[in-house]
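Let's take a walk through this one together, moving from a sheet to the helices around it. Keep the viewer open and follow along.

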Amino acid sequence: MKTIRHSLQKLFFSILLATSLLLTACSTGGKTSPESPTSQSTESKEFTEFTDQLFRETVSSDALSLNYTLSKPDKYGINPTCGGFSPISLDSLKNAAPETENLLYSLKEFDKSELTLPQQLLYDSLAYTLEMDKKGAGFIMFSRPLSPVTGLQAQLPVLLAEYNFDSVEDIENYFSLLESIPGYFDSVLSFLEIQAKEHMLPSRDTLETIAGQCLSFTQNNGSRILLTSFRSRTKSCTFLDSNAKKNYCKKNKELIRSCITPAYEQLIHGLTVISAMAGTDGALSSYPKGKEYYSHLFAQETGSSVGVEEYFRILNDRLNKSRNTLLSYAKKDPALFSGLSTKASGNLTPEERLTSLSTAILKDFPQAADVNFTVSYVDKSLEDYLSPAFYLTPPLDAFTENVIYINNSSRFAGSDISTTLAHEGYPGHLYQNVLHRQQNHPLLSYALNFSGYTEGWATYAELYSYKYLGYSKDEVGILRNNMIVSLCIYGICDIGIHYYGWDEAKVLEFLNQNGNYPEDTAHSLYKNIIDEPGSYLKYTIGYMEFAKLKDAARKQLGKNFSEKSFHQYVLSAGPAPFPVLESYMKQFWPEQNN
């Protein structure tokens with residue numbers, strides 16, 4: 001049973017922020033199976049026991065994972081007391097391989113035909129995840145515990161600031177996390193030293209960027225957010241008296257002084273030393289077995305069964321199609337392009353825009369449960385490194401309170417807040433997450449991470465949202481195709497750099513074949529792709545896969561196709577690899593419906 005911790009924990013932190021995967025949840029707090037025991041076969045009952053145990057082990061691997069997954073872990077048979085981060089090591093990563101094999105063997109002992117449909121979906125999704133982990137065992141030295149956007153050191157301040165305090169155990173677990181961070185960061189530096197000996201470090205520039213990020217956190221009093229947020233959260237803890245609140249705030253301040261700040265300072269020092277040993281070319285294709293690893297990463301990030309080279313061709317074809325469509329709009333009426341960037345925002349606040357979107361989408365999307373949401377803003381000490389916006393998933397048994405963060409950095413000054421909110425809120429991450437929680441899937445379904453689905457859906461939702469923002473039909477066509485052009489360019493450059501070995505000059509050449517781009521744009525794009533290999537794939541390929549599923553549904557159903565029924569299907573199924581979604585779609589929409 002220990003394998004699932006290794007197999008899933010390495011994916012777990014990436015699903016805590018919406019820029020990556022989302023966790024979803026059961027519709028009732030203590031229920032652990034999709035049907036009552038009396039309706040289940042013996043095989044189905046045993047599968048429930050098997051996967052529920054994996055769920056319990058996965059989500060209790062550390063206090064952060066547990067807190068962001070469950071509000072009341074004891075109702076799921078989980079001890080509410082949980083420790084901090086376990087140090088990473090090369091041995092622990094290697095030991096995961098045989099355990100993954102054992103778990104995959106145990107899974108395949110079940111007769112899938114005897115399982116309920118939600119269980120069959122989980123069976124296929126879990127098998128896919130474990131097969132991916134099995135293949136990934138040969139690429140341990142490509143592991144990147146730190147990265148500028150998705151690395152734990154970047155996400156940790158916000159995750160700690162939003163950590164839920166529902167009990168005394170939550171607060172004690174929080175302190176365990178703070179105490180474990182110095183040891184965890186030390187283990188990361190030790191792993192980087194091993195990578196240095198094997199000439200497998202990220203590029204020098206990437207390591208220097210991460211060190212600069214940590215320096216910004218310490219110099220700009222980044223720990224302030226951990227002090228103020230802790231005071232605010234304990235203030236509302238009705239299970240604490242005034243004296244306990246005072247003592248806990250004192251302990252939090254001391255742990256930040258003795259653990260968090262020194263840990264980031266030690267990380268800065270270690271990265272400064274190690275970066276001197278790193279190379280200057282961070283393209284994966286420049287490393288031994290780099291192209292093979294990128295092919296694995298491509299499949300893992302996208303959830304697609306289509307290979308790198310085939311998708312490179314598909315993206316180039318789609319890019320040309322959308323460019324030609326934009327040219328046809330320009331020939332039809334050049335005035336259509338004027339004022340598009342500012343038309344939709346209006347004078348609505350972010351909260352008002354989200355409320356408006358939640359109502360507007362009901363014609364094309366199924367009804368989701370009413371929930372509360374808050375729009376918060378990234379602390380200034382983190383603005384230079386975090387994403388433009390992200391959605392934090394609430395515990396699966398308490399999903400009525402949702403938080404969307406917006407980054408007010410000048411880097412994103414030209415972004416349209418309306419489409420950003422559509423991506424993070426309605427009909428994007430927040431909506432998808434809430435609707436999935438209305439389904440009663442097996443528990444483990446809500447702990448698996450398929451970022452191609454989650455980010456692909458949010459990108460699809462963002463493109464779809466233009467029709468709700470006051471644009472004409474032609475303007476919607478322009479905006480959608482313009483965004484598809486950008487998505488294709490990002491995806492092509494990611495493949496070009498990490499699979500085909502494009503340098504910065506080649507990126508600039510490609511960009512200027514598709515527009516008029518300055519050198520600093522090419523430099524920024526190249527650097528972002530080097531820093532976060534595969535980071536654009538889940539958005540671009542994920543969207544393309546949803547578009548492909550939709551085309552297949554339209555072809556299969558003919559005149560019986562409807563947007564709402566398609567959305568109902570893919571959202572009810574929940575996050576899964578796209579080949580799994582496609583196979584289940586065929587069961588729901590047989591040919592005789594034509």
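**From a helix crossing to a sheet and back**

Helices H14 and H15 cross with a right-handed sense. Keep in mind that what you're looking at is a predicted model. Two packed helices are described by the angle between their axes and the distance between the axes. For H14 (residues 350-360) and H15, the angle is about 60 degrees and the axes lie 10 Å apart. That angle is why H14 counts as oblique to H15. If you want to see who does the touching, pick out Pro350, Arg353, Leu354 and Leu357 on the H14 side, which meet Ser418, Leu421 and Ala422 of H15.

Now stay with H15 and look at what else it sits on. This helix, residues 417-424, lies across strands E2 and E3, and runs at about 30 degrees to E2. Those strands belong to an open sheet of 3 strands, in the order E1-E3-E2 and with mixed pairing. Strand E1 (372-377) and strand E2 (389-392) are the edge strands, each pairing on one side only. On average, neighbouring strands here are turned by 20 degrees against each other, ignoring direction.

Strands of a sheet pair through backbone hydrogen bonds, either parallel or antiparallel. Between E2 and E3 (residues 401-406), the run is antiparallel, with 4 bridges joining the two. One bridge partnership to find is phenylalanine 390 with tyrosine 405 in E3.

Which way do the side chains of E2 point? In a regular strand, they alternate between the two faces of the sheet. In E2, Ala389 and Tyr391 point one way while Phe390 and Leu392 point the other way, and all of them are buried.

Back to the helices, and to a residue that touches H15. Glutamate 462 sits in helix H17 (residues 451-464). Buried or exposed? Its relative accessible area is 14%, so glutamate 462 is buried, given a cut-off of under 20%. Setting aside neighbours within four places in sequence, glutamate 462 is in contact with Thr419, Ala422, His423 and Met483. Ala422 also appears among the H15 residues that meet H14. As for histidine 423, it is 39 residues away from glutamate 462 along the chain, yet their C-alpha atoms are separated by 4.8 Å.

Next comes leucine 479, which is found in helix H18. Leucine 479 counts as buried because its relative accessibility is 12%. Not counting residues up to four places away in sequence, leucine 479 touches Leu340, Tyr466 and Tyr471. For a sense of scale, leucine 479 and tyrosine 248 are 231 residues apart in sequence and 51 Å apart in space, C-alpha to C-alpha.

H18 (473-498) is also one of the packing partners of helix H20, along with helix H8 (204-219) and helix H19 (504-513), which the buried residues of H20 pack against. Those buried residues are Ala522, Leu525, Tyr526, Ile529, Ile530 and Asp531. An α-helix has 3.6 residues a turn, so residues three or four places apart point the same way.

Here's a quick sanity check on helix geometry. H20 (residues 519-531) has 13 residues, so at 1.5 Å a residue it should span 18 Å, and its end C-alpha atoms are indeed 18 Å apart. Try the same with helix H2 (residues 42-59): its 18 residues should span 26 Å at 1.5 Å a residue, and the end C-alpha atoms are 26 Å apart, so this agrees too. The buried residues of H2 include Phe47, Phe50, Leu54 and Phe55, and also Glu43, Asp52 and Glu57.

Key: Residues are numbered from 1 along each chain as its sequence is written. This is a predicted model: local features need pLDDT of at least 70, side-chain atom pairs count only at pLDDT 80 or more; totals for chains, interfaces and linings use all residues. Side-chain values use heavy atoms; hydrogens and water are left out. Two strands pair if DSSP finds at least two bridges between them. Axes are lines fitted to C-alpha atoms, for helices over the stretch in contact, and angles run from 0 to 180 degrees between N-to-C directions. Contact means heavy atoms within 4.5 Å. The expected span of a helix is 1.5 Å times one less than its number of residues. Buried means under 20% relative accessible area, exposed over 50%, partly exposed in between (1.4 Å probe, protein chains only). Angles under 35 degrees count as roughly parallel, over 145 as roughly antiparallel, 65 to 115 as roughly perpendicular and the rest as oblique. A crossing is left-handed if the near helix is turned anticlockwise from the far one by less than a right angle, and right-handed if clockwise.
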